[in-house]
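Q: Could we go through this structure together? Please show it first.

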Amino acid sequence: MTQTPQFQTGADVRLAARRGVLTGQTSGLAAGFVQANLAILPRDLAEEFQQFCRLNSQACPLLDVAKPGSAVPETIAPAADLRTDLPRYRVWRDGELVDEPTDITDYWRDDLVSFLIGCSFTFEAALLTSGIPIRHIEQGSNVPMYRTNIDCVPSGSFHGPMVVSMRPLKPADAIAAVQITTKYPTVHGAPIHLGLPDKIGITDISQPDYGEAVEVRDDELPVFWACGVTPQSVIMAAKPPLAITHSPGCMFLTDIRDIDLATD
């Protein structure tokens, strides 16, 4: 993971990614600014995918949809460029991962539609403010993410299992985390499962499908939130001719604040 300074704003993070200074995960950077997952698809698949997001809003809560051919998310970061402003991307062809570049300018086409999806990194600042420790931030690693046996509601060619992120918490902290994250439905909201990972199809908590493993101590519960990496699992199943996503943990930093997303 590239070592980086503690950036103050979403724009700081985007500029560092654009310059190639930041190429690693973004958890803990620009605390207070909303982070987003990215999925880019050809226009002829965009309506089906947008409906998929609506049907699976806990895993894929939409924050913004750019105009076809535009790399600018006008609602959440009007000065940004989605082709350059994430630390790392993934390029998929027919469901197969073919590249993980730090810039997707060479892949850009006029028919591409970009979807920005809420990310659980956003509510981590609220958890930390409440004194709830976050293990992957303590360890300086990426959050562990897992494919589950929970099927998403299909839409056209888009179907597949939900992906979850995991944070180990003591029981009292887990209860508080439920109460806090419930207030952030546009960045996945409350956890979907606590404890007993095998009940959602995770056979080995030490072997995440994405991200990095973290320690789960004897007095802690693994707490699972729906994750915006779900579209990558779905893309592998749908096999579109071209798709571009963020690399897991390497998020897009917006100009909006997490407090603006919190509900009462």
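Q: How buried or exposed is Y146?
A: Y146 is buried, at a relative accessible area of 1%; buried means under 20% relative accessible area, exposed over 50% and partly exposed in between, with a 1.4 Å probe and protein chains only. The model is predicted: local features need pLDDT of at least 70, side-chain atom pairs count only at pLDDT 80 or more, and totals for chains, interfaces and linings use all residues. Residues are numbered from 1 along each chain as its sequence is written, and side-chain values use heavy atoms, leaving out hydrogens and water.

Q: And F224, buried or exposed?
A: F224 is buried, with 0% relative accessibility.

Q: What is the geometry of the rings of Y146 and F224?
A: Their centres are 6.3 Å apart and their planes stand at 75°, so the pair is edge-to-face. Rings of Phe, Tyr and Trp (its six-membered ring) pair if their centres lie within 6.5 Å; planes under 30 degrees apart count as stacked, over 60 as edge-to-face and the rest as tilted.

Q: Which parts does that pair tie together?
A: Y146 lies in strand 6 (residues 145-151) and F224 in strand 9 (residues 221-226), so the pair links parts 78 residues apart in sequence. Strands (E, at least two residues) are DSSP runs, numbered from the N terminus, as are helices (H or I, at least four).

Q: How many aromatic pairs are there by this rule?
A: The count is 5 aromatic pairs. One of them is F49 with F115, edge-to-face at 4.9 Å centre to centre and 70° between the planes.

Q: Which residues form one aromatic cluster?
A: That cluster consists of F49, F52, F115 and F158.
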